[in-house]
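The following note is intended for a colleague who is meeting this structure for the first time. Its points may be read alongside the sequence and the coordinates.

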Amino acid sequence: MIEKYRDIAPDKILSEINALAGALRGHTLQHISSTRIGGGVAEILNRMIPWTTSLGIPTTWDVIDGRQDFFEVTKSIHNALQGSDVEISCCNKEIYLAHLAHNAGKIEPDADVVMVHDPQPAFLIEYFPHRRKSMVWRCHIDLSRPMPAIWRFLRPAINKYAMAVFHIPHFAQKDLTIPKVLISPSIDPLSEKNRELTQEEITRIVEGFGIDRGRPIIVQVSRFDRFKDPMGVIAAFRQVRRHFDCQLVLAGGGATDDPEGPMVQAEVEEAAAGDPDIFVLFQPTDLEVNALQRAADIILQKSTREGFGLTVTEGMWKGKPVIGGAVGGIPAQIIHGETGYLVNSPEGAAYRIRYLLSHPHAGSVMGARGREHVRYNFLITRHVRDYLLLMLHVMQNESERPVFIGGVTGKTGRPGGGDIAAKAGEKS
Amino acid sequence: MNSIPFRFLKAVYLAEVTNQRATSLSQLLMEVTITSQWSLFFHLHQHFSRDPHIVPEYPNDFSSWVHTYLAEDAVAEKLANLNLVRSMDLELVRREICTILAQHLQEISGERHTSSENAFIFCKPRLAVLDTGRTARTLDEFIDILREMDSDTVAYHLFIAPRLLSETMMNDFSLWFRQRGHHRLADRLDSFDPYLKSLKENHDFLLDLIESERADPQADGYDDRKIPGYRS
């Protein structure tokens with residue numbers, strides 16, 4: 001597997017994966033989630049499991065089962081944890097707990113490290129008190145503003161895990177008493193959405209939509225969701241259009257669990273109606289998204305609220321300057337003025353677009369820096385390395401001391417042989 | 001003089017989120033006062049490994065946050081100008097940060113706050129130290145291996161080991177150069193400020209420094225070729 005990523009991912013990360021895997025070879029990893037198909041977690045695990053298996057770490061994946069009423073409850077819990085004003089009745093909590101009790105009789109968390117993904121299976125830990133030191137809760141959602149009642153319900157179970165893992169610091173709830181570590185999401189450079197394309201492929205796909213590659217193209221790929229501020233993007237574009245002959249592409253789909261999606265899309269289509277330079281594309285394929293991002297001169301993600309914002313990552317990977325809203329995980333990705341710009345208003349976005357269109361070389365330099373930033377921080381290879389590191393820390397089961405790998409000890413770590421482990425314990 | 005080998009190590013880490021948060025300068029002052037040395041280290045150095053090729057406009061998390069979220073640019077500039085190269089002891093750095101913040105707070109009547117979504121959240125590294133499997137006994141071997149190493153090895157020996165894992169308070173390279181009698185080389189490295197450069201630039205600088213020292217017939221130390229077992 002490592003060989004497929006040679007010349008794409010940084011050598012240093014591939015060598016770190018090798019070193020960490022060497023220390024973990026023969027140990028086992030188990031994932032527990034709520035679905036094998038569809039959604040971000042399933043997509044990540046479908047890519048991660050071949051990786052860890054190929055590194056000599058036998059990896060299994062268990063999926064909880066349940067009736068439709070169970071998944072309706074877990075969807076409500078999921079939305080409430082992300083801040084939606086949803087109440088979970090006692091009856092619904094009973095449905096949730098009964099299904100997890102049923103699943104606890106079928107799933108045995110018996111690997112050296114067990115990663116339980118998202119809130120759906122979180123209560124499983126209640127049934128395995130003897131396994132708690134090896135179980136980690138991996139949170140993939142925005143937990144920065146949970147509804148207090150549902151968080152009070154879930155928190156005691158989460159606090160029984162050995163550790164919890166979040167995307168960004170703001171998602172890590174302060175009242176969790178267990179160690180909370182960060183692992184950013186990632187993109188796979190070999191996936192259909194991110195693989196290299198020829199200019200012929202890009203032109204064929206983009207021109208198929210009627211877009212002119214001879215004029216500047218500004219692209220925002222995101223769901224039709226008010227938090228992605230598509231109307232703000234159109235407002236910014238109209239300000240830019242007074243000065244530059246350019247085109248705007250708004251491409252995305254609607255989430256099945258978002259009843260507002262069709263309404264927002266209709267508003268966007270109405271706002272764009274009659275303007276031949278605004279292209280509203282509904283549910284493009286991964287390959288089409290790839291081509292649109294590669295054809296773009298500037299990528300936008302002008303969100304007013306955001307989880308992590310992997311479309312920012314995708315845009316930077318394609319070597320484009322990215323203008324993003326200064327919210328959620330976007331500031332963790334865009335280095336303002338270096339790899340793109342953070343903005344807070346349509347006017348801010350318009351100004352940065354105008355600047356980049358009049359300084360194309362500066363945009364190219366930013367794009368190249370952004371690609372390097374992603375190469376080191378947001379490719380799947382860094383994600384694999386972090387999962388291996390997590391395994392080591394969970395297995396060491398000591399919060400403060402560094403893990404020493406490859407024959408390094410406190411006595412041999414420095415020239416002259418200082419006792420590094422002793423000091424590490426004191427200072428942390 | 002015995003030949004003490006230099007063992008090339010590197011470190012990788014996960015960031016652990018602490019419960020310390022700040023939304024204003026006074027809160028930042030309070031939290032910096034009590035946070036762990038590991039947390040201080042994390043926020044002063046994480047940009048090196050995150051972006052080995054970039055020197056950020058504000059070179060540590062404290063200055064960057066004060067600039068971005070509090071728009072207190074005079075304070076941000078002072079925090080960017082921390083004297084890290086002269087203060088290997090993190091307690092001295094802590095004192096310097098606290099002095100900057102406290103002096104500013106004394107001079108103003110009201111202070112700015114940012115929202116909880118933009119709070120400064122203190123993190124600390126959970127380290128794993130890796131052996132690269134490479135050991136140098138001579139300066140020739142040292143430079144050959146250093147050329148092959150990635151920049152994180154430089155970060156480990158220049159920043160992590162001396163600041164977090166050792167009582168010596170001297171970077172591993174200078175320590176080894178001195179142990180081998182290369183005092184001028186160690187002095188030149190010690191007088192250099194690695195905080196003004198990216199990690200990649202520091203790596204290149206170190207290689208250039210050793211090359212220039214090796215090429216200079218006036219350099220002190222001794223001839224590696226006189227050491228038993230030297231490979232020509």
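**Notes on the predicted model**

1. Read along its sequence, chain B of this predicted model follows the pattern β-α-α-α-α-α-β-α-α-α-α-α. The chain thus contains 10 helices and two strands.

2. The overall dimensions of chain B may be noted next. Along the principal axes, its C-alpha trace spans about 70 × 35 × 30 Å. Of the 232 residues in chain B, 45% are buried. Among the contacts in chain B with a separation of 6 or more, 71% are accounted for by residues 24 or more positions apart.

3. Turning to chain A, the reader should locate an open sheet of six strands. Its strand order is β9-β8-β7-β10-β11-β12 (chain A), and the pairing is parallel. Strands β9 (278-282) and β12 (340-343) of chain A occupy the edges; each has a single partner strand, so one side of each is left without a neighbour in the sheet. From one strand to the next, the twist averages 20°.

4. Within this sheet, one pairing can be followed at the level of residues. Strand β7 (residues 217-221) of chain A and strand β8 (residues 247-252) of chain A run parallel and are joined by five bridges. Ile217(A) has Gln247(A), in β8(A), as its bridge partner.

5. Two helices of chain A deserve attention in relation to the sheet. Helix α10 (residues 286-295) of chain A lies across β7, β8 and β10 (298-301) of chain A, and runs at about 140° to β7(A). Helix α11 (residues 310-317) of chain A also packs on the sheet, where it touches β7, β10 and β11 (322-325) of chain A. The direction of helix α11(A) makes about 165° with that of β11(A).

6. Is Ile150(A) buried or exposed? The residue is placed in helix α6 (residues 148-158) of chain A. Ile150(A) counts as buried because it has 21 C-beta neighbours inside 10 Å, the cut-off for a buried residue being 20 or more. Leaving aside residues up to four places away in sequence, Ile150(A) touches Ile77(A), Ala80(A), Leu81(A) and Ile88(A).

7. A separation within chain A may also be recorded for Ile150(A). This residue and Pro262(A) are 112 residues apart along the chain, and their C-alpha atoms are separated by 28 Å.

Definitions and conventions
Residues numbered from 1 in each chain as written. Chains lettered and ligands numbered in written order. Predicted model: local features only at pLDDT ≥ 70, side-chain atom pairs only at ≥ 80, totals over all residues. Helix = DSSP H or I, 4+ residues; strand = E, 2+ residues; numbered from the N terminus. Buried ≥ 20, exposed ≤ 12 C-beta atoms within 10 Å, placed from the backbone. Contact = placed C-beta atoms within 7 Å. Pairing = 2+ DSSP bridges. Axes fitted to C-alpha atoms, helices over the stretch in contact; angles between N-to-C directions.
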